[in-house]
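The following exercises concern surface charge and aromatic packing. Each task is followed by a worked solution.

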Amino acid sequence: MVLDESRITIIIYSLSNQISLHGLRRHGSIVADRLKINGITRQHDRYMTNKQHVWKQSCISIPVIILFLCIKKKDMKQIFALIALCATMVSAANLRASEHRSLPGSSFCYEDFDPSGDGCWEKRPIDISNCTLNLAVQEPNATCFFTENGGYFESSNLKDPNFTVAICNRAQYYIREDGEYESKVCIEYDVRDKWDEAGKVGTGKIACSSSSSWWKPICCFFTSGFSYKDGVCSETKKYLGDECGDEWGICNNDNTEAYSAYALSCYKKEGAPAPTCIPSSTSMDRPECKCSSLVPFVFCPSNDCNGHACVVDTGVGGYVCDYGTGNNW
């Protein structure tokens, strides 16, 4: 028996598809089970996790059979081709599952998979409004379509006392048979419009303004709660929209717990000239970072995170910036 790479591919795909279908049917009762965690339906996670598990099983059991045949022929090229192909398929399955699980909470409806039998695909909304900030504020429970940023909206002026953020709390994702999105529908919005009351909107004070240029840094050094930068002695505490940074510009998170509704993060948005204080609920990349402490731990200070903690990434390993922590590390 001679197995070239194309034949191996056909065998793995055909057998794994059969196993996948059998696995999904056999575990249908498990997949249909809906776990309620913080009011969020996690049916999709169970479905994707099950598919991911089936792929892994396929890439363990099927290669054992084919590997045995290859070894009997002592064809090492075929063995390595099989291993590489299998690793690629598992990686793709992991990536797809991870992509879906990273979406904001709620439920998922599939064109080709209806474990609950509620006919959600046939009942999917067709003629509804697109989500906007105004609609979310006026009708938080209105059903609407969103396309980007997980249905997240915020006011354009961060210095406005009426600054508002709208976050989609519950969403329904409709996924076609080819795996692409048919539509994304927000069912409930969390409107956060108390930033001024929370002390997040304001203007920092200036000190030592009458001092000469050579004396101003010295004056600022001895003024508690102020930092000297770019020729200005300004309040270290920073507010929404203020430029911020490690040590000299700390976003105002007084009396605010990390990751809470009105927490601020020091982050440089794409196209922005410098990091500014923005809502921690904003979608942010988590760049890699290096610990500046002598002994790295699970979390540590870093020169790469605008003052935020540098933490261990349990997903891919290494360290990444955690902008949910305060930037006073």
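**Exercise 1.** Where is the place of glutamate 177? Classify its exposure as well.

Solution. The model is predicted: local features require pLDDT of at least 70, side-chain atom pairs count only at pLDDT 80 or more, and totals for chains, interfaces and linings use all residues. Residues are numbered from 1 along each chain as its sequence is written, and side-chain values use heavy atoms, with hydrogens and water left out.

Step 1. Glutamate 177 is in the loop between strand S6 (165-175) and strand S7 (181-192); strands are DSSP runs of E with at least two residues, numbered from the N terminus.

Step 2. Glutamate 177 counts as exposed because its relative accessibility is 58% (buried is under 20%, exposed over 50%, partly exposed in between; 1.4 Å probe, protein chains only).

**Exercise 2.** Describe the aromatic contacts of tyrosine 173 with phenylalanine 146 and tyrosine 181.

Solution. Step 1. The structure holds 12 aromatic pairs (Phe, Tyr or Trp rings, the six-membered one for Trp, with centres within 6.5 Å; planes under 30 degrees apart are stacked, over 60 edge-to-face, the rest tilted).

Step 2. Phenylalanine 146 and tyrosine 173 pair edge-to-face, at 6.0 Å centre to centre and 90° between the planes. This pair links distant parts of the chain, 27 residues apart: phenylalanine 146 lies in the loop between strand S4 (144-145) and strand S5 (153-154), tyrosine 173 in strand S6.

Step 3. Tyrosine 173 and tyrosine 181 form a tilted pair, with 6.1 Å between centres and 50° between the planes.

Step 4. Phenylalanine 146 and tyrosine 173 are both buried, and tyrosine 181 is also buried.

Step 5. Ring pairs join Phe108, Phe146, Tyr173 and Tyr181 into a cluster.

How values were computed: Helix = DSSP H or I, 4+ residues; strand = E, 2+ residues; numbered from the N terminus.
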